[in-house]
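User: I should like to go through the labels attached to this model and hear the reasoning behind each of them.

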Amino acid sequence: MVGGAILAGPPDQRHLFDFLLEGERPRRSLADLPSPPDPTDGGATLGWLLQRLEDAGCEAVVVDMTTDEARAVGAYVVRVLVPQLMPLSFAHRARYLAHPRLYDAPRAMGHAVHDESHVNPHPQPFA
């Protein structure tokens, strides 16, 4: 991640952030976004999230990683793997350009779909 930040940090690289800063885009309040019925109930929230993933055609594999010590204080730990989601690599030479979601998601959201040769050539500018 640091490499992308070093590359994109200087003021003359501001254009790398045009996708965030330029053009018309709808504004939404966080309150308008879907949320679980009871965000304080971790089990219900996990179920709600898994249902949303299923509704989107995604398979989710959930593994309970909770230790005895965590469970004793009411904390739970899960690891969730969703193969259909788009992986992110901060190694610029190891990008997932053949992943179907890279092309299906923009189409589903009404955006232009670019072929592999026209996908953003710059490393992730976030750190």
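**Helix 5 and its surroundings**

Analyst: Tyr 103, Ala 105 and Pro 106 are the buried residues of helix 5. The model is a predicted one.

User: What makes the contact of Asp 104 with Arg 107 a salt bridge?

Analyst: The closest N and O atoms of Asp 104 and Arg 107 are 3.4 Å apart. A salt bridge requires a side-chain nitrogen of Lys or Arg within 4 Å of a carboxyl oxygen of Asp or Glu. The distance of 3.4 Å satisfies this cut-off, so the pair qualifies.

User: Where do Asp 104 and Arg 107 lie?

Analyst: Both belong to helix 5, with their positions 3 residues apart in the count, about one turn of the helix. An α-helix has 3.6 residues a turn, so residues three or four places apart point the same way.

User: Why is Asp 104 called partly exposed, and why is Arg 107 called exposed?

Analyst: Asp 104 has a relative accessibility of 43%. Partly exposed covers the range between the buried limit, under 20%, and the exposed limit, over 50%; Asp 104 is therefore partly exposed. Arg 107 stands at 51%, which is over 50%, so Arg 107 counts as exposed.

User: Which residue follows helix 5, and what is its phi?

Analyst: Gly 110 follows helix 5, and its phi is positive, near 80°.

**Salt bridges at helix 4**

User: How do you know that Arg 71 forms a salt bridge with Asp 64 and with Asp 68?

Analyst: The side chains of Asp 64 and Arg 71 meet at 3.4 Å, N to O. For Asp 68 and Arg 71 the closest N and O atoms are 3.9 Å apart. The cut-off is 4 Å, so the pair of Asp 64 and Arg 71 meets it, and the pair of Asp 68 and Arg 71 meets it as well. Asp 68 and Arg 71 both lie in helix 4, 3 residues apart. By this rule the count comes to 5 salt bridges.

User: Why is Asp 68 called exposed, while Asp 64 and Arg 71 are called partly exposed?

Analyst: Asp 68 has 61% relative accessibility, and exposed means over 50%, so the label applies to Asp 68. Asp 64, at 47%, and Arg 71, at 35%, fall in between the limits of 20% and 50%, and therefore count as partly exposed.

**The nonpolar patch**

User: What makes Met 65 eligible for the nonpolar surface patch?

Analyst: The patch, of about 390 Å², is made by Val 61, Val 63, Met 65, Val 77 and Leu 81. A patch residue needs over 30% relative accessible area. Met 65 has 38%, so Met 65 passes that cut-off. Met 65 lies in the loop between strand 1 (61-64) and helix 4 (68-72).

**Pockets**

User: What is the volume of the largest pocket, and which residues lie nearest its centre?

Analyst: Its volume is about 1,100 Å³. The lining has 30 residues, of which Met 86, Leu 102, Val 119, Asn 120 and Gln 124 lie nearest the centre. Helix 5 (residues 101-108) gives the most to this lining, with 5 residues. By class, the lining of the largest pocket has 19 nonpolar, 9 polar and 2 charged residues.

User: What makes one residue in the lining of the second largest pocket charged?

Analyst: Arg 101 is among the lining residues, together with Leu 53, Ala 56, Gly 57, Cys 58, Gln 84, Leu 85, Ala 105 and Met 109. Arg counts as charged, so Arg 101 takes that class. The lining of the second largest pocket divides into 6 nonpolar, 2 polar and 1 charged. About 190 Å³ of space lies in this pocket.

User: Why is Cys 58 called buried?

Analyst: Cys 58 has a relative accessibility of 14%. Buried means under 20%, so Cys 58 is buried. Cys 58 is found in the loop between helix 3 and strand 1. Its C-alpha atom is separated by 6.7 Å from that of Val 82, 24 residues apart along the chain.

Conventions: Residues numbered from 1 in each chain as written. Predicted model: local features only at pLDDT ≥ 70, side-chain atom pairs only at ≥ 80, totals over all residues. Heavy atoms only, no water. Patch = residues over 30% accessible without salt bridge, like charges linked within 9 Å, V, L, I, M, F, W, Y side chains within 5 Å. Areas by Shrake-Rupley, 256 points an atom, 1.4 Å probe, with all protein chains shown as cover. Helix = DSSP H or I, 4+ residues; strand = E, 2+ residues; numbered from the N terminus. Buried < 20%, exposed > 50% of the residue type's maximum accessible area, 1.4 Å probe, protein only. 1 Å grid on protein atoms, 1.4 Å probe; cavity = no way out; pocket = protein on both sides within 12 Å on 5 of 7 lines; lining within 4 Å. Points joined across faces, edges and corners; volume = space filled by probe spheres on them.
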